[in-house]
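Please take a look at the sequence and the structure below, and keep both in view while you read.

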Amino acid sequence: MYKIIKRSGDILFSSLGILLFLPFFIPLAIALKLTGEGYIFYLQERRGYKNRKFRIWKFATMLKASPSLGTGSITLKNDWRLTPLGKYLRGSKVNEIPQLINIFLGEMSVVGPRPLMEVDFQKFSPEIQDQFYQCKPGLTGIASIVFRDEEQFYENTEIDPHEYDRLYIAPYKGALEKWYREHQGFRTDMLIIVLTAAVIIFPENNRVFRWFRDLPPIPVFGKKEE
């Protein structure tokens, strides 16, 4: 019953979201066309439900060749690969709105683990890889909230970003997604949606650990020496 109602909610949410956003699409599309490299959407292959691959929709925020430039799949704070509108779109999460199409098509859900690029998926242990996408990837999720300002973690370390991700961030994200699979349900999903809205408006919001007191404790990540 949970899966049926969740899918019905996904269809309703994505349909309404697409209709509500349509009036803003044309001016944004024009702005994107006139800035950066002149493309509007960015479609990229990601891992999905049961580890099947699909193409995720996003508004273009970075140079087309960004996956093979700089830090690749990892975006740093004030990343030089961002287009003129890119920083704003990413900061406000507006760049994620086209994923409503993925949700409508059934490739994603509103709440679930974030769909990862292959290079980032391979940073997880085989055990976590086997379990990560036992539910559909989501527009938001528990790890998305905890790592709302993920770029800041890379700012505070001298370790290579991908190595830092593999050693510190990926294991904790795996623990968070394991927690979600064990606790997923209507109440958990609704609280995650509310918390997502809260952290977009108030980035420093730390309610997630107060609302979900049994979350895996956040580890001490490697930082720059003072």
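This report walks through one helix, the nonpolar cores, a cavity and a few single residues.

**Ground rules**

The model is predicted, so local features need pLDDT of at least 70 and side-chain atom pairs count only at pLDDT 80 or more, while totals for chains, interfaces and linings use all residues. Residues are numbered from 1 along each chain as its sequence is written, and side-chain values use heavy atoms, with hydrogens and water left out.

Helices (H or I, at least four residues) and strands (E, at least two) are DSSP runs, numbered from the N terminus. For accessibility, buried means under 20% relative accessible area, exposed means over 50%, and partly exposed lies in between, with a 1.4 Å probe and protein chains only. Contact means heavy atoms within 4.5 Å.

**Helix 9**

Let us begin with a helix. Helix 9 covers residues 186-201, which makes 16 residues. The expected span of a helix is 1.5 Å times one less than its number of residues. For helix 9 that gives 22 Å, and the end C-alpha atoms are 23 Å apart, which agrees.

Which residues of helix 9 are buried? They are Thr188, Asp189, Leu191, Ile192, Leu195, Thr196, Ala198 and Val199. An α-helix has 3.6 residues a turn, so residues three or four places apart point the same way. You can look for that pattern in the list. The buried residues of helix 9 pack against helix 1 (2-34), strand 3 (109-111), strand 4 (138-140), helix 6 (142-146), helix 8 (161-183) and helix 10 (208-211).

**The nonpolar cores**

In soluble globular proteins, nonpolar side chains tend to be buried together. A nonpolar core is a set of buried Ala, Val, Leu, Ile, Met, Phe, Trp, Tyr and Cys residues joined through side-chain atoms within 4.5 Å. The largest one here has 30 residues, of which Ile142, Leu176, Tyr180, Val208 and Phe212 touch the most other members. At least two residues of this core come from each of strand 2, helix 3 (99-104), strand 3, helix 6, helix 7 (150-155), helix 8 and helix 9. Helix 8 gives the largest share, six residues.

What does Ile142 touch, leaving aside its neighbours within four places in sequence? Its contacts are Leu176, Glu177, Trp179, Tyr180, Ile192, Val208, Phe212 and Leu215. A second, separate core has seven residues, among them Ile128, Phe132, Tyr133 and Ala170.

**A cavity**

On a 1 Å grid over the protein atoms alone, a cavity is a set of points where a 1.4 Å probe fits but cannot get out, and lining residues have an atom within 4 Å of a point. Grid points are joined across faces, edges and corners, and a volume is the space filled by probe spheres set on the points. How many cavities of 30 Å³ or more are there? The count comes to one. The largest cavity holds about 40 Å³ of space. Its lining consists of Leu32, Thr35, Gly36, Glu37, Gly38, Tyr39, Ala60, Met62 and Thr83. These divide into four nonpolar, four polar and one charged, where Ala, Val, Leu, Ile, Met, Phe, Trp, Tyr, Cys and Pro count as nonpolar, Asp, Glu, Lys and Arg as charged, and the others, Gly among them, as polar.

**Single residues**

The table sets out where some residues sit and how accessible they are.

| Residue | Place | Relative accessibility |
|---|---|---|
| Lys58 | strand 2 (53-59) | 12%, buried |
| Asn51 | loop between strand 1 (41-47) and strand 2 | 24%, partly exposed |
| Asn78 | loop between strand 2 and helix 2 (86-92) | 51%, exposed |
| Lys93 | loop between helix 2 and helix 3 | 31%, partly exposed |
| Ile159 | loop between helix 7 and helix 8 | 29%, partly exposed |
| Ser15 | helix 1 | 25%, partly exposed |

Why is Lys58 counted as buried? Its relative accessibility is 12%, and buried means under 20%. Not counting residues up to four places away in sequence, Lys58 touches Ile40, Phe41, Tyr42, Arg46, Asn95, Glu96, Pro98, Gln99 and Arg114. Asn51, with neighbours within four places in sequence left aside, is in contact with Phe121, Gln129 and Tyr133. For Ile159, on that footing, the contacts are Tyr164 and Tyr168.

Two residues have a positive phi without being glycine: Asn78 is near 55°, and Lys93 is at about 70°.

Finally, try comparing sequence and space. Ser15 and Phe104 are 89 residues apart along the chain, with C-alpha atoms separated by 6.9 Å. Ile159 and Ile142 are 17 residues apart in sequence and 25 Å apart in space, C-alpha to C-alpha.

Conventions
On a 1 Å grid over the protein atoms alone, a cavity is a set of points where a 1.4 Å probe fits but cannot get out, and a pocket is an open set with protein on both sides within 12 Å along at least five of seven lines; lining residues have an atom within 4 Å of a point.
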